[in-house]
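The following report describes the strand pairing, the cysteines, the nonpolar cores and the charged pairs of one chain. Please read it alongside the sequence and the structure.

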Amino acid sequence: QVQLVESGGRSVQTGGSLRLSCAASGSTFSTCDVGWFRQSPGKEREFVAAIRWSGGRTLFSESVKGRFTISRDNAKSTADLQMNNLNPEDSAIYYCAAGNRQDFRPSDVIRTSHYDNWGQGTQVTVSS
């Protein structure tokens, strides 16, 4: 089991930047893929970005590609989501998730079922 705690969410203006962090506890974090998802009121949880356990592969949704980056530090058991050029459509609760899977298929990585452990989320609000 991996316990996850997100931080860094706050209110920013359009065009601003935020860095979300996901702190993990548990010995298996370094073997887990990490994903970031977001959810707005009345909408389904949406895939944002993911990074392979090794850090060697990443994947982004089309809506954030070019604006967001994802990174991890297995020695510190952390994973970060750097978000630049934010717009109001990025407003949501952002969740960090971890899953230990053999493969990193994009069609799987974008699904919540790829992940076994979830944090409680951090709120991001972007005002125009």
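## Charged pairs and the packing around them

In a salt bridge with an N to O distance of 2.8 Å, the side chain of Arg-67 meets that of Asp-90. This contact, like everything that follows, is read from a predicted model. The two partners come from distant parts of the chain, since Arg-67 belongs to the loop between β6 (58–60) and β7 whereas Asp-90 belongs to the loop between β8 and β9, 23 residues apart. Both Arg-67 and Asp-90 are buried.

Asp-90 also meets the side chain of Arg-38 in a salt bridge, at 2.9 Å from N to O. Here again distant parts of the chain are linked, with Arg-38 in strand β4 and Asp-90 in the loop between β8 and β9, 52 residues apart, and Arg-38 is buried, as is Asp-90. The side chains of Arg-105 and Asp-103 form a further salt bridge, with an N to O distance of 3.2 Å. In that pair Arg-105 is partly exposed at 47% relative accessible area, and Asp-103 is likewise partly exposed, at 33%. Through salt bridges that share partners, Arg-38, Glu-46, Arg-67 and Asp-90 are joined into one network. The count of salt bridges in the model comes to 9, and the table gives the three pairs described above.

| Salt bridge | N to O distance |
|---|---|
| Arg-67 and Asp-90 | 2.8 Å |
| Arg-38 and Asp-90 | 2.9 Å |
| Arg-105 and Asp-103 | 3.2 Å |

Turning to the strands, an open sheet is formed by 4 of them, in the order β1-β3-β8-β7 and with antiparallel pairing. Because β1 (3–7) and β7 (68–73) stand at the edges with a single partner strand each, one side of each is left without a neighbour in the sheet. From one strand to the next, the twist averages 15 degrees.

The pairings can be followed across the sheet in that order. β1 pairs with strand β3 (residues 18–25) in the antiparallel sense over 5 bridges, and Val-5 has Ala-23 of β3 as its bridge partner. β3 in turn pairs with β8 over 6 bridges, also in the antiparallel sense, and Cys-22 stands opposite Ala-79 in β8. Between β7 and β8 the antiparallel pairing runs over 6 bridges, with Phe-68 opposite Met-83 in β8. These two strands, β7 and β8, form a hairpin with 4 residues between them, and Ser-77 in its turn has a positive phi of about 55 degrees. Since 5 of the 6 residues of β8 are buried, this strand is largely enclosed by the rest of the structure.

The structure holds 1 disulfide, which joins Cys-22 to Cys-96 with an S to S distance of 2.0 Å. The link of Cys-22 and Cys-96 is left-handed, with -75 degrees about the S-S bond. Because Cys-22 lies in strand β3 and Cys-96 in strand β9 (residues 92–99), the pair ties together parts that are 74 residues apart in sequence. Cys-22 is buried at 0% relative accessibility, and Cys-96 is buried with a relative accessible area of 0% as well.

Why does Cys-32 have no bond to the closest cysteine sulfur? The sulfur of Cys-32 is 10 Å from that sulfur, in Cys-96, and this is too far for a bond. Cys-32 is nevertheless buried, at 2% relative accessibility.

The largest nonpolar core has 28 residues, and those with the most contacts inside it are Trp-36, Val-48, Phe-68, Leu-81, Met-83 and Tyr-94. At least two residues of this core are supplied by each of β3, β4 (33–39), β5 (46–51), β7, β8 (78–83), β9 and β11 (122–127). Leaving aside residues up to four places away in sequence, Tyr-94 touches a set of residues that includes Trp-36, Val-48, Phe-68, Leu-81 and Met-83, and also Arg-38. A second, separate core of 8 residues includes Phe-37, Phe-47, Ala-97 and Phe-104.

A last site concerns His-114, found in the loop between α1 (106–109) and β10 (117–118). His-114 is buried, with a relative accessible area of 5%. Residues up to four places away in sequence not being counted, His-114 touches Asp-33, Gly-99, Arg-101, Asp-103, Asp-108 and Val-109.

Note on methods: Residues are numbered from 1 along each chain as its sequence is written. This is a predicted model: local features need pLDDT of at least 70, side-chain atom pairs count only at pLDDT 80 or more; totals for chains, interfaces and linings use all residues. Side-chain values use heavy atoms; hydrogens and water are left out. Two strands pair if DSSP finds at least two bridges between them. Axes are lines fitted to C-alpha atoms, for helices over the stretch in contact, and angles run from 0 to 180 degrees between N-to-C directions. A disulfide is a pair of cysteine sulfur atoms within 2.5 Å. Buried means under 20% relative accessible area, exposed over 50%, partly exposed in between (1.4 Å probe, protein chains only). Contact means heavy atoms within 4.5 Å. A nonpolar core is a set of buried Ala, Val, Leu, Ile, Met, Phe, Trp, Tyr and Cys residues joined through side-chain atoms within 4.5 Å. A salt bridge is a side-chain nitrogen of Lys or Arg within 4 Å of a carboxyl oxygen of Asp or Glu.
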